[in-house]
Structures are given as C-alpha cells and as structure tokens.
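Colleague: I am new to this protein and would like to go through the structure with you. May I begin with a term that will come up?

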Amino acid sequence: MMMSSSVKHLKLVTGEEVICEVLDETAGSIIVNNAMSLMQNTLKTGEKFFTFKTYMVYQDTPTNVIVIFTDKLMSLAVPAEEMLQQYKTALKEMANYLEYLWDDTEMGAQLKEQMGVDPASLLMEASKKEK
C-alpha cells in the first residue's frame, strides 16, 4: 500500500515534472513506481491547469518499476496535499481503466490468465489513502 510520505514530486533536467512513489534510493538512482508526468494545459481564456499522464508507455501498473538516475534530477520535493489527492484520484482512475481492459475484453482475460496477476487490483491498492 502506498504511504503518502513515499510519494515525491520530481523535476528532471529536461524540465519534465513527475509525481511517483519512491521505493528505494541509492547514491546514483532512485527506484519508483506509479510514475505520472504533470502536463500543463491552457484554456482559451488563459487559465492554466495540470493533468497527469503515465510517465512511460506500458509502465502503468504497480508491478512496473522505473529507475531514474540521480544525475537526471534537478530537484525532489514532497507534493502539496492537493496534488497528492489529485494523484491518488488519477491512480484510481487508471485502476478502473485497467480493470475494464483486463476484465471486460477477451484480450485482457487472456493476458491476465497468462501473467497470473491482476494489475488493476494492484494499482487500486496503491491508490488507497493511508494515514
């Protein structure tokens, strides 16, 4: 289960911002999962808002871990409470989508049987709030 204290907001040297759960840290890298990129959007009125998208294609379940090398990090912060809640909502929505893919499509059922794991349930568990 995801602990709020392990969720971090990263800024990479590319300027990209990522929110993720940090699983482990070493001198040269950090190991993360549930990584989501922050995307800035602007309405025609000029108002700005942010959305999330998966950081890497096909790396969207809690069983997928990503190594980010520390020389590619500019900064690391604890996310604001509002961002943390939106992140958890995004994880729940991703879990619902994966559950649909895995349970309501023939291809998903075949993959689930072959892999022996249900990524949607893992993602849903990771999105639960623990205080």
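Modeller: Certainly. A salt bridge is a side-chain nitrogen of Lys or Arg within 4 Å of a carboxyl oxygen of Asp or Glu. Please keep in mind that this is a predicted model.

Colleague: How many salt bridges does a search of the whole structure find?

Modeller: The search finds 2 salt bridges. In one of them, the side chains of Lys 11 and Glu 17 come together at 3.6 Å, N to O. The other joins Lys 72 and Asp 71, with 3.7 Å from N to O.

Colleague: Are Lys 11 and Glu 17 buried or exposed?

Modeller: Lys 11 is partly exposed, at a relative accessible area of 30%. Glu 17 also counts as partly exposed, with 26% relative accessibility.

Colleague: And what about Lys 72 and Asp 71?

Modeller: Lys 72 is partly exposed, its relative accessible area being 44%. Asp 71 has 52% relative accessibility and therefore counts as exposed, because the cut-off for exposed is over 50%.

Colleague: Let us step back. How many helices and strands are there?

Modeller: The protein has 3 helices and 6 strands. Read from the N terminus, the order of the elements is β-β-β-β-β-β-α-α-α.

Colleague: What share of the residues is buried?

Modeller: Of the 131 residues, 33% count as buried. The accessible surface is about 8,100 Å², and carbon and sulfur atoms account for 55% of that surface.

Colleague: Which residues make up the largest nonpolar core?

Modeller: That core has 11 residues, among them Leu 10, Leu 12, Val 18, Cys 20, Ile 30, Ile 68 and Leu 73. Two or more of its residues come from each of β1 (7–12), β2 (17–25), β3 (29–42) and β5 (66–69). There is also a second, separate core of 9 residues, including Val 7, Ile 19, Met 36 and Met 83.

Colleague: Take Ile 68 from the largest core. What is Ile 68 in contact with, leaving aside its neighbours within four places in sequence?

Modeller: With those neighbours set aside, Ile 68 is in contact with Leu 10, Leu 12, Ser 29, Ile 30, Val 32 and Leu 73.

Colleague: Back to charges for a moment. Which side chain of opposite charge is nearest to Lys 8?

Modeller: That is Glu 25, at 6.4 Å. Lys 8, which lies in strand β1, is buried and has no salt bridge.

Colleague: What does Lys 8 contact, then, apart from neighbours within four places in sequence?

Modeller: Its contacts are Val 18, Ile 19, Cys 20, Val 22, Leu 76, Ala 77, Val 78 and Pro 79.

Colleague: A change of topic: how many aromatic pairs does a search of the whole structure find?

Modeller: The search gives 1 aromatic pair. Phe 52 and Tyr 87 form that pair, which is edge-to-face, with 6.3 Å centre to centre and 65 degrees between the planes.

Colleague: Where do Phe 52 and Tyr 87 lie?

Modeller: Phe 52 is in strand β4 (residues 48–54) and Tyr 87 is in helix α1 (residues 81–103), so their pair ties together parts 35 residues apart in sequence. Tyr 87 is buried, at a relative accessible area of 0%, whereas Phe 52 is partly exposed, at 22%.

Colleague: Finally, what share of contacts between residues at least 6 apart in sequence joins residues at least 24 apart?

Modeller: The share is 55% of those contacts.

How values were computed: Residues are numbered from 1 along each chain as its sequence is written. This is a predicted model: local features need pLDDT of at least 70, side-chain atom pairs count only at pLDDT 80 or more; totals for chains, interfaces and linings use all residues. Side-chain values use heavy atoms; hydrogens and water are left out. A nonpolar core is a set of buried Ala, Val, Leu, Ile, Met, Phe, Trp, Tyr and Cys residues joined through side-chain atoms within 4.5 Å. Buried means under 20% relative accessible area, exposed over 50%, partly exposed in between (1.4 Å probe, protein chains only). Helices (H or I, at least four residues) and strands (E, at least two) are DSSP runs, numbered from the N terminus. Contact means heavy atoms within 4.5 Å. Lys and Arg count as positive and Asp and Glu as negative; His and the chain ends are not counted. Rings of Phe, Tyr and Trp (its six-membered ring) pair if their centres lie within 6.5 Å; planes under 30 degrees apart count as stacked, over 60 as edge-to-face and the rest as tilted. Accessible areas come from the Shrake-Rupley method with a 1.4 Å probe; for residues, only the protein chains shown count as cover.
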